[in-house]
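Visitor: I have a structure to go through. Can you walk me over a few parts of it?
Guide: Go ahead and show it.

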Protein chains: 2
Amino acid sequence: MTTDFAATKRLFHLPEGMIYLDGNSLGPLPKSAAARVAKTVTAEWGDMLITGWNKAGWMDMPMRVGDRIARLIGAEAGHVVMGDTLSIKVYQALASALEMNPTRRVILSDTGNFPSDLYMAEGLCRTLGPAYTLKTVAPEDVWDQIDETVAVTLITEVDYRTGRKHDMKAITARAHEKGALAIWDLAHSAGALPVDLSGCNADFAAGCTYKYLNSGPGGPAFIYVAPRHAERARPALSGWQGHAAPFAFDLSYRPATGAERMRVGTPPILQLAALEASLDIWDSVDMADLRTASLALTDQFIAGIEAACPTLHLATPRDHGLRGSQVSFRHPEGYAIMQAMIARGVIGDFRAPDIIRCGFTPLFIDESDVAAAIAIISDIMQNNLWDRPEYKTRAKVT
Amino acid sequence: MTTDFAATKRLFHLPEGMIYLDGNSLGPLPKSAAARVAKTVTAEWGDMLITGWNKAGWMDMPMRVGDRIARLIGAEAGHVVMGDTLSIKVYQALASALEMNPTRRVILSDTGNFPSDLYMAEGLCRTLGPAYTLKTVAPEDVWDQIDETVAVTLITEVDYRTGRKHDMKAITARAHEKGALAIWDLAHSAGALPVDLSGCNADFAAGCTYKYLNSGPGGPAFIYVAPRHAERARPALSGWQGHAAPFAFDLSYRPATGAERMRVGTPPILQLAALEASLDIWDSVDMADLRTASLALTDQFIAGIEAACPTLHLATPRDHGLRGSQVSFRHPEGYAIMQAMIARGVIGDFRAPDIIRCGFTPLFIDESDVAAAIAIISDIMQNNLWDRPEYKTRAKVT
């Protein structure tokens, strides 16, 4: 183990008395991000004004930051670009992939996919016309359901509810064998576990940065375009920042070289600045070490909760090869239980209808945090502390 | 005049010795934005973490901020929503409008439109199929070219190069008379002059906030959907934040009520926080006062430059009714002249091939600034101070 996770933990702002098992939903603040964003606001926007696009390097941030993400997801440098939101990046990947496989009309996804991916695919099919369909199958049936009708698979590697992990290499190989392209959504993978896009021969990938990558609320997304497609993938969302010569202001679109063509409009510089501060921490992390630490934490949590809380039923695979970096338990009163946990400082997520979801993020969560969380949850379950009216009233976001 | 522009000027950070005539490209920093963003980073993201979506009101920001923009553009409250970039919002408006006018296949725009709007339309037409076309005519021909083949007009009200202003009311009325819908791009209108979307019966509008609305580099865009279309306009980019019940995680898309359905992914909270700080200033501004002040400044600049610099040729209409809030002059050596201006602290933009563009923003530019800018430009032109090799080497962004 070469990564010093005790050191990385000290680089995050973690509120006193809180055990934050929700870094898979919104990562915590890297301490250096406050100063970094402040510098971007005052010394760059404030003092440089429009010249910041050159002087502060804003114009190149989407590619420069993309290169730092590339290492974490096994992508080739120069083939990841930042911008927009994950939903938009999924749309871009889908539209390009469908155009590259013009004789086919089916997008294959699964019911464990994050709904926004399905909604974006649905919207694209409506725009393309009635010949196009989104076929959604059970997660365990994906491999079998890839046939010669499928143009592209759109799969989220790690299930946002259960933490079940797909086999990216096997599904991608199957897609290629059947003449389909493979798009991977890395929302719960990037920064959660080692990803090897290049080694898996993925065609496209997209992900967000506000979860494990700690870029803050609404941080930008990324998209990966495999080098072999870089000059073929034609953007459907063809914005000026993805033009070969944005400042020529030509009346017709000509795509930029490679992944940069997937830029659309003006990038969100303040959010990118926060992300850069987080990536300073990530630069010191070895992804194999991260995986070792993550599996130890999730194993510890599963064992502790199962030993103390027999009414909580594990929704996450026990098999390491099938597990992301979160652990979910099911309980019919999951919502109230999560509220009771939050009231005691253990922050996780509830996901309808019955999922209690906890994320394990070695950069700032360690064995003692997990032990403390197990003790609190055990107390809540053994003494029915969740059974209070105030924990049963649902707020809009949980 | 009820707006105190001397007071608003004191609320912006304006670097010493700089006359910033580029608020139409990137607005300056509202002094309060630094503290507002810092609070969002540390007290909200840092201390509230995931609970910020409720506790800090992040979830409602796109609609809450949209309502404050609505007043500035003559939109009905509840019908403007923030997010993404202007290019994405243009795409959404176009896709919805085409679907609402299903027997027609032509998007009509003009060569004075900002190229990204044309590129997005081009991309949408490619996705929709060969029956769809983007027809681009000269700006002065738009009214005449609206015929029964046109599904939708996509017009930028104020030309980004010349500052020439279209007649929104007349063009919208003509579009409706011919059975077309009208989309307005307000990039150089929102915060630049009074806009009356409701009174003009506009169908859709979109705009950015980093120019006259001072939200900082990469600030979010907005989209307006006319109330009469609010329940009919179906989003092509159907993301989870525009779903009727985003946290139900349904597998199928159901649009939210009204303009909120145009939300796509997770909104950029840090950028929205900066925008809110700027809108605190905008709340005190009467748009009629702004227009009076803006026309006085542009008149002053035109008169001063024409009197002193006979080789600079006015590209902006003299007629107040046809003018936005910028003044552009043409000169074959426009690039070098702009570099010489910047070297002397007068910041404007060069736009290919020969446009020297200056924005006039009464919130922080006054008569004395304009007089000082005229004196500097006159000196540069009368003494050929632009004629130096270092001013002729083009940077990537200018």
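Visitor: Which residues of α12(B) are buried?
Guide: In α12(B), the buried residues are B:G334, B:Y335, B:A336, B:I337, B:M338, B:Q339, B:A340 and B:M341. Buried here has a cut-off: 20 or more other C-beta atoms within 10 Å of the residue's own, against 12 or fewer for exposed and partly exposed in between, with C-beta atoms placed from the backbone. Helices (H or I, at least four residues) and strands (E, at least two) are DSSP runs, numbered from the N terminus.

Visitor: Is this a prediction, and how do the numbers and letters go?
Guide: This is a predicted model, in which local features need pLDDT of at least 70 and side-chain atom pairs count only at pLDDT 80 or more, while totals for chains, interfaces and linings use all residues. Residues are numbered from 1 along each chain as its sequence is written, and chains are lettered from A and ligands numbered from 1 in the order in which they are written.

Visitor: Back to α12(B). What covers its buried residues?
Guide: The cover includes β12 (326-330), β13 (346-347), β14 (349-351), β15 (355-359) and α13 (367-382) of chain B. Contact means that the C-beta atoms of two residues, placed from the backbone, lie within 7 Å. Eight of the ten residues of α12(B), which spans 334-343, are buried, so this helix is largely enclosed by the rest of the structure.

Visitor: And what follows α12(B)?
Guide: B:G345, with a positive phi near 90°.

Visitor: Now the sheet in chain B. What is the strand order?
Guide: The order is β4-β10-β9-β8-β7-β5-β6 (chain B), an open sheet of seven strands with mixed pairing. Strands pair if DSSP finds at least two bridges between them. β4 (80-82) and β6 (133-137) of chain B are at the edges with a single partner strand each, so one side of each has no neighbour in the sheet.

Visitor: Which helix packs on that sheet?
Guide: Helix α4 (residues 61-72) of chain B does, touching β4 and β10 (222-225) of chain B. Its direction makes about 125° with that of β4(B). Axes are lines fitted to C-alpha atoms, for helices over the stretch in contact, and angles run from 0 to 180 degrees between N-to-C directions.

Visitor: What about β8(B): which residues lie on each side?
Guide: B:L181, B:I183 and B:D185 are on one side and B:A182 and B:W184 on the other, and all are buried. In a regular strand, side chains alternate between the two faces of the sheet.

Visitor: Which strands does β8(B) pair with?
Guide: β7 (residues 150-156) of chain B pairs with β8(B) in the parallel sense over five bridges, and B:T156 stands opposite B:D185. Three bridges join β8(B) to β9 (residues 204-207) of chain B, also running parallel. There, B:I183 has B:F204 as its bridge partner, and B:D185 stands opposite B:A206.

Visitor: What unit do β7(B) and β8(B) make with α8?
Guide: With helix α8 (residues 168-177) of chain B they make a right-handed β-α-β unit. Right-handed means that, with the strands pointing away from the viewer, the path from the first strand over the helix to the second runs clockwise.

Visitor: Where is B:L193, and is it buried or exposed?
Guide: B:L193 lies in the loop between β8 and α9 (197-200) of chain B. It is buried, with 23 other C-beta atoms within 10 Å. B:L193 touches B:R291, B:S294, B:G324 and B:S325, not counting residues up to four places away in sequence.

Visitor: Over to chain A. How many residues of α6(A) are buried?
Guide: Twelve of the 14, so α6(A) is largely enclosed by the rest of the structure. Among the buried ones are A:P115, A:Y119 and A:L128. After α6(A) comes A:G129, with a positive phi near 115°.

Visitor: Which strands does it link?
Guide: β5 (residues 106-110) and β6 (residues 133-137) of chain A are parallel and joined by five bridges. The chain crosses from β5(A) through α6(A) to β6(A), and this β-α-β crossover is right-handed.

Visitor: How many residues does each chain put into the contact?
Guide: Chain A gives 76 residues and chain B 75 residues. On the side of chain A that touches chain B, α6(A) gives the most, with ten residues.
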